[in-house]
Amino acid sequence: MPTLEAAAGQLPWRLGFSAKLGRHAVAEKDLPAGTLILTEKPVVAIPRSKLAGHACHACFRPLSSPVENKEGFNPCLPRYCASCKNAPANAETVQLDSKLLGLRIKLADIAKEHPVEPELLHLLVLLDVRRSAQAAAGGKPEAPPTPGGEPAAPVLHCTVADVDALHSPWERKPEAWRKTVTASLRPLHKELAALEESGALPGYRASRLEQLQSDAAMLICNLQGVGAEGASQDAGVGLFAAAAALNHSCRPNCHTVTMGQTMCVRTIVDVPAGAQLTVCHAQAYDPRPVRQAALLQERGIKCACERCAEPLAKSTDRYLEGVWCLNCTTDVLLAVPPGTPEAEVAAATYEAQMAALEAEEAARSKKGGRKAAEEGAANGPAQEAQQQGEGAAQAPAGDAQQEGGEDAAKEEGQQQQKPVVRWWRCAGCGYVEPAHNTAASGPGDVLLQADKLWRQGAMLYQMKMPQLMLQAEAFLQSLQAGVDGRLHPYHARVIDSLAPLINLALRRSDALGVFNYSVALWEAENAIQGRYSLHQLQYLNAIIDTSAAKATNTQSAVIKRQFEKKLKAAKSTAAEIRRVLLGKS
Ligand SMILES: [Zn+2]
Ligand SMILES: [Zn+2]
Ligand SMILES: [Zn+2]
């Protein structure tokens, strides 16, 4: 029986099943923000390949005599610190290691021949050996839940039975990925069959190739960072089968934190009884299409979460990809998908806008006499040139209208094989602009400039050379300023620019820069998600440090009071975030 099922009644949530949500987690009662809903130890955990010679494979602490990661190094061979090697609790594991030695040597060879992470093969072997042992033991839980630190959350040690209850995304992974992985799983499967044949592991039965495939896809989607107690979480990777019951949402109501090898899941907003519990597996501040593509590619998830289901023009998601509308200056222009009915409507709206503009100008030239008429004539050709610059549908549309109808225009456009005009439409006032214009000031042009600034800025920043940092900062600053104010302050590219700018300001000890960028980042994240994140705690800490320094160092009583006020507010918010996300103040 899976440990998660055995723990039913001890957790403040239960498993639900439905056609729409599949297997999911449901709150059993009202769960206020900050409630610990799960504490879990990994089913399997190993060091990351590049650290396998440096960290103990049981406790992930640094080894006293590390093995260099050079030619001939095998990351799949287990290495233990002295206390783990001699611990009675590890006796069985250490004994098993000696029996798996030959197989582990082969794993490194397979990983060398195929573009696959040795970690994955190593985890698959450990999982398969456990699966077989569990079947032999008659399927009873290997370790029952143990009481945890907080009353509502026992510590779950899930087993392979929990892993087997998960749905593998194998079928939903891209075909190219499946091919590559299968190429490495075939020799692995052969080795496992040989292990069974040899009788070195009494009772071991190798799984079928299909099981390995399903496990591989499941592992790729569910691995989480683990580390030594109290250290950072990047020494190893582990599989947490109970936490995997929580589905993804781009606007999650829970979050996970791993401390050492213990994962804690907490609610981050008040969750009513009966609601689904979710965590976020995407970058929350990527634009919707970027998040969705990454989720599909990495986890086989077609996201239909509440945030993704909102009409874009009404969702805060629009700011992440929007360019300020110069017509109303209160909302953003969004790209209209080409070839859709909306694109046709946008084209018609643009025509109407132009016609209205011309009528207005004609009226003005009549009224204003000769001088105004001259101005109108000067504008006329410029507009025409602009329209021709858009290419495609517009120029023919002007001619075609006289011939009678938009269909003719479309046909003519297709015959000439000109590129289709891409339209952007304001989410607020409905104003339409073509993506590009001859002045290179269209929303599409602004985005091209933003991408260029980001590429240049990020490239120079990543080179980490002091002499290039000023240049990197200049590029990132013009991006942060929204490419002359055309990008919304919550545009994804602007948000991207802020974290490196904070670091650059820190390097220069520019306290005010750190403060301003941190505030901007904090505000953007808050406006888009309206939820706490560990990131925000980082920015708040920068805000706290800077405000404290400013409040102490200033001569002016007014400025002192200002920063003391900011300091107090930032401190109390940080305390609230720590309480909700980490369960401590
Ligand atoms: Zn150890
Ligand atoms: Zn989503
Ligand atoms: Zn507008």
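Biologist: Let's take buried as under 20% relative accessible area and exposed as over 50%, with partly exposed in between. Where does that put Cys 305, buried or exposed?

Modeller: Cys 305 is at 9% relative accessibility, so it counts as buried. Keep in mind that this is a predicted model.

Biologist: And Cys 303, buried or exposed?

Modeller: Cys 303 has a relative accessible area of 14%, and that makes it buried.

Biologist: Which metal do they serve, and with what partners?

Modeller: The zinc ion (ligand 2). Cys 303 and Cys 305 coordinate it together with Cys 250 and Cys 308. SG is the donor atom in each, at 2.2 to 2.3 Å.

Biologist: What geometry does the site of the zinc ion (ligand 2) have?

Modeller: Tetrahedral. The angles among the four donor atoms run from 103 to 116 degrees.

Biologist: How are those donors spaced along the chain?

Modeller: For the zinc ion (ligand 2) the pattern is C-x52-C-x1-C-x2-C.

Biologist: I'm looking at His 248 too. Which element holds it, and is it buried or exposed?

Modeller: His 248 sits in strand 8, residues 247-248. Its relative accessibility is 11%, so it counts as buried.

Biologist: What does His 248 touch, leaving out residues up to four places away in sequence?

Modeller: Cys 303 is one of its contacts, so we are back at a residue just discussed. The others are Thr 278, Val 279, Cys 280, His 281, Ala 282, Leu 295 and Ile 301.

Biologist: What separates the C-alpha atoms of His 248 and Val 279?

Modeller: 5.1 Å, with their positions 31 residues apart along the chain.

Biologist: Next metal. Which residues coordinate the zinc ion (ligand 1)?

Modeller: Cys 56, Cys 59, Cys 81 and Cys 84, through their SG atoms. The distances are 2.2 to 2.3 Å. Both Cys 56 and Cys 59 are buried.

Biologist: What are the angles, and how is the motif spaced?

Modeller: The four donor atoms give angles of 101 to 113 degrees, a tetrahedral site. The donor residues follow C-x2-C-x21-C-x2-C.

Biologist: Then what holds the zinc ion (ligand 3)?

Modeller: Cys 325, Cys 328, Cys 426 and Cys 429, by SG, at 2.2 to 2.4 Å. Their spacing in sequence is C-x2-C-x97-C-x2-C.

Biologist: That's a long gap. Which loops hold Cys 328 and Cys 429?

Modeller: Cys 328 is in the loop between strand 12 (323-324) and strand 13 (332-335). Cys 429 is in the loop between strand 14 (423-426) and strand 15 (432-434). The pair therefore ties together parts that are 101 residues apart in sequence.

Biologist: Why is the arrangement around the zinc ion (ligand 3) called tetrahedral?

Modeller: Because the four donor atoms subtend angles of 106 to 115 degrees. The rule asks that all angles lie between 85 and 135 degrees.

Biologist: How accessible is Cys 429?

Modeller: Cys 429 is at 35% relative accessibility, so it counts as partly exposed.

Biologist: Zoom out. How many helices and strands are there?

Modeller: The chain has 21 helices and 15 strands. Of its 585 residues, 45% are buried. Take contacts between residues at least 6 apart in sequence: 65% of them join residues at least 24 apart.

Biologist: On to helix packing. How do helix 19 and helix 21 cross?

Modeller: The axes of helix 19 (residues 511-529) and helix 21 (residues 557-582) come within 14 Å and cross at roughly 50 degrees. That makes helix 19 oblique to helix 21. The crossing is left-handed.

Biologist: Which side chains or residues meet there?

Modeller: From helix 19, Leu 512, Phe 515 and Trp 522. From helix 21, Phe 563, Lys 566, Thr 573 and Ile 577.

Biologist: And how does helix 19 pack with helix 20?

Modeller: The angle with helix 20 (residues 534-553) is about 145 degrees, and the axes are 9 Å apart. This crossing is left-handed. The contact includes Leu 512, Phe 515 and Trp 522 of helix 19, and Tyr 539, Leu 540 and Ile 543 of helix 20.

Biologist: Last topic, backbone. What is the phi of Lys 464?

Modeller: Near 55 degrees, a positive value in a residue other than glycine. Most residues other than glycine have a negative phi. Lys 464 is in the loop between helix 15 (443-462) and helix 16 (466-480).

Biologist: What about Asp 484, what phi, and buried or exposed?

Modeller: Asp 484 has a positive phi of about 60 degrees, and it is not a glycine. It lies in helix 17, residues 482-485. With a relative accessible area of 75%, Asp 484 is exposed.

How values were computed: Residues are numbered from 1 along each chain as its sequence is written. Chains are lettered from A and ligands numbered from 1 in the order in which they are written. This is a predicted model: local features need pLDDT of at least 70, side-chain atom pairs count only at pLDDT 80 or more; totals for chains, interfaces and linings use all residues. Side-chain values use heavy atoms; hydrogens and water are left out. Donors are N, O and S atoms within 2.8 Å of the metal (3.2 Å for Na, K and Ca); water is not among the atoms, so sites may look incomplete. Four donors count as tetrahedral if all angles lie between 85 and 135 degrees; four count as square planar and six as octahedral if opposite donors are over 155 degrees apart and all others between 65 and 115; anything else is irregular. Helices (H or I, at least four residues) and strands (E, at least two) are DSSP runs, numbered from the N terminus. Buried means under 20% relative accessible area, exposed over 50%, partly exposed in between (1.4 Å probe, protein chains only). Axes are lines fitted to C-alpha atoms, for helices over the stretch in contact, and angles run from 0 to 180 degrees between N-to-C directions. Angles under 35 degrees count as roughly parallel, over 145 as roughly antiparallel, 65 to 115 as roughly perpendicular and the rest as oblique. A crossing is left-handed if the near helix is turned anticlockwise from the far one by less than a right angle, and right-handed if clockwise. Contact means heavy atoms within 4.5 Å.
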